[in-house]
Amino acid sequence: MPELPEVETTRRGVEPHVAGHTITDVIVRDARLRWPVAADLPERLRGRRVGGVDRRAKYLLFRTQPDTLILHLGMSGSLRVVEAGTPPEAHAHVDVLLESGQVLRYVDPRRFGSLHLAPGDGEAHPLLARLGPEPLGDAFTGAWLHARARGRRQAVKAFIMDAATVVGVGNIYAAEALFRAGIHPARAAGRVGRARYDRLAEAIRAVLGDAIEAGGTTLRDFVGSGGSPGYFRQSLAVYGRAGASCPVCGTMLRLMRVGQRSTCYCPACQR
Ligand SMILES: [Zn+2]
């Protein structure tokens with residue numbers, strides 16, 4: 001599933017090709033995505049200029065005054081930029097044609113993605129309205145985590161994977177950040193002190209920042225009809241390494257279940 005770093009890399013990859021360009025047409029080959037694509041979407045977007053592309057959590061926001069096109073890649077979606085007339089490959093469900101002669105193409109084999117046109121900046125749309133702070137934004141701090149965790153018995157790993165706490169912290173990033181911060185994944189969120197939350201906020205920013213940086217090398221893949229952007233190769237300290245030795249202390253890494261998800265941790269480094 002595309003995680004926040006892949007979505008941010010997608011944003012950086014497509015923005016130069018669409019910003020400042022006018023949409024000449026939208027072709028919907030299959031409207032049956034996670035939610036049906038509105039039948040009037042093509043006619044509403046035709047003739048509009050794309051002002052820019054932003055990201056909120058794992059949603060891409062295409063600014064098309066006076067509305068915002070909210071796009072989610074779902075489980076298997078990807079965006080490509082192709083030349084007009086490029087034959088659609090399998091699962092190329094939506095094409096956004098631009099006056100530049102390029103086409104923004106949405107490909108999604110499993111069709112769990114979505115497209116919505118929402119008024120204004122889209123922030124009031126039900127998909128976005130209740131989201132917590134961006135992990136790389138100024139509102140996300142150890143103080144925020146500490147205040148929100150007060151009295152909570154929920155495991156800290158589940159707490160930081162809750163989009164109302166902070167958006168975009170998927171299973172891999174939660175496991176890695178907790179390892180970097182030295183916090184046991186099953187510890188009650190309300191029993192982590194302020195200094196440790198400061199370290200955890202910093203660790204979350206660092207693991208996501210590293211992944212976005214690693215993704216920069218895949219940007220060229222957005223132009224051309226070649227394969228999907230693929231996932232980032234990132235060196236992981238604990239995720240997927242149960243039974244291997246901790247890179248810090250050499251203790252054997254363990255696997256446990258927290259909430260519905262399995263997670264790997266170091267029983268010596270993480271308390
Ligand atoms: Zn260790």
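Leucine 104 has plenty of company in this predicted model: leaving out residues up to four places away in sequence, leucine 104 touches Val14, Val18, Phe62, Leu79, Arg80, Val81, Val94, Asp95 and Val96. Here a contact means heavy atoms within 4.5 Å. Apart from the core that holds Leu104, there is another core of 24 residues, including Phe159, Val169, Leu178 and Ala181.

What about the largest nonpolar core? It has 25 residues, and the ones touching the most other members are Leu41, Phe62, Leu71, Leu79, Leu104, Tyr106 and Leu115. A nonpolar core is a set of buried Ala, Val, Leu, Ile, Met, Phe, Trp, Tyr and Cys residues joined through side-chain atoms within 4.5 Å. Buried stands for under 20% relative accessible area, exposed for over 50%, and partly exposed for anything in between (1.4 Å probe, protein chains only).

Now for a charged-type name to look up: is glutamate 8 buried or exposed? Glutamate 8 is buried, at a relative accessible area of 6%. You'll find glutamate 8 in helix H1, residues 4-18. Helices (H or I, at least four residues) and strands (E, at least two) are DSSP runs, numbered from the N terminus. The side chain of glutamate 8 makes a polar contact with the side chain of arginine 11, at 3.0 Å. That term covers a pair of N or O atoms within 3.5 Å; within protein, one must be able to donate a hydrogen and the other to accept it, and residues adjacent in sequence count only if both atoms are side-chain atoms. Neighbours within four places aside, glutamate 8 is in contact with Arg55 and Ile212.

Next, the backbone. The peptide bond from glutamine 65 to proline 66 is cis, with omega near 0°, and proline 66 lies in the loop between strand S3 (59-64) and strand S4 (67-72). Two non-glycine residues have a positive phi:

| Residue | Phi | Loop between | Relative accessibility |
|---|---|---|---|
| Alanine 57 | about 55° | S2 (52-56) and S3 | 6%, buried |
| Arginine 111 | near 60° | S7 (102-107) and S8 (114-119) | 29%, partly exposed |

How confident is the predictor? The chain's mean pLDDT (confidence in each residue, from 0 to 100) is 92, and 93% of its residues reach 70 or more. Over residues 224-231, though, pLDDT is below 50, and this stretch has 21 contacts in the model beyond near neighbours in sequence.

Residues are numbered from 1 along each chain as its sequence is written, and side-chain values use heavy atoms, with hydrogens and water left out. Local features need pLDDT of at least 70 and side-chain atom pairs count only at pLDDT 80 or more, while totals for chains, interfaces and linings use all residues.

Notes
pLDDT is the predictor's confidence in each residue, from 0 to 100.
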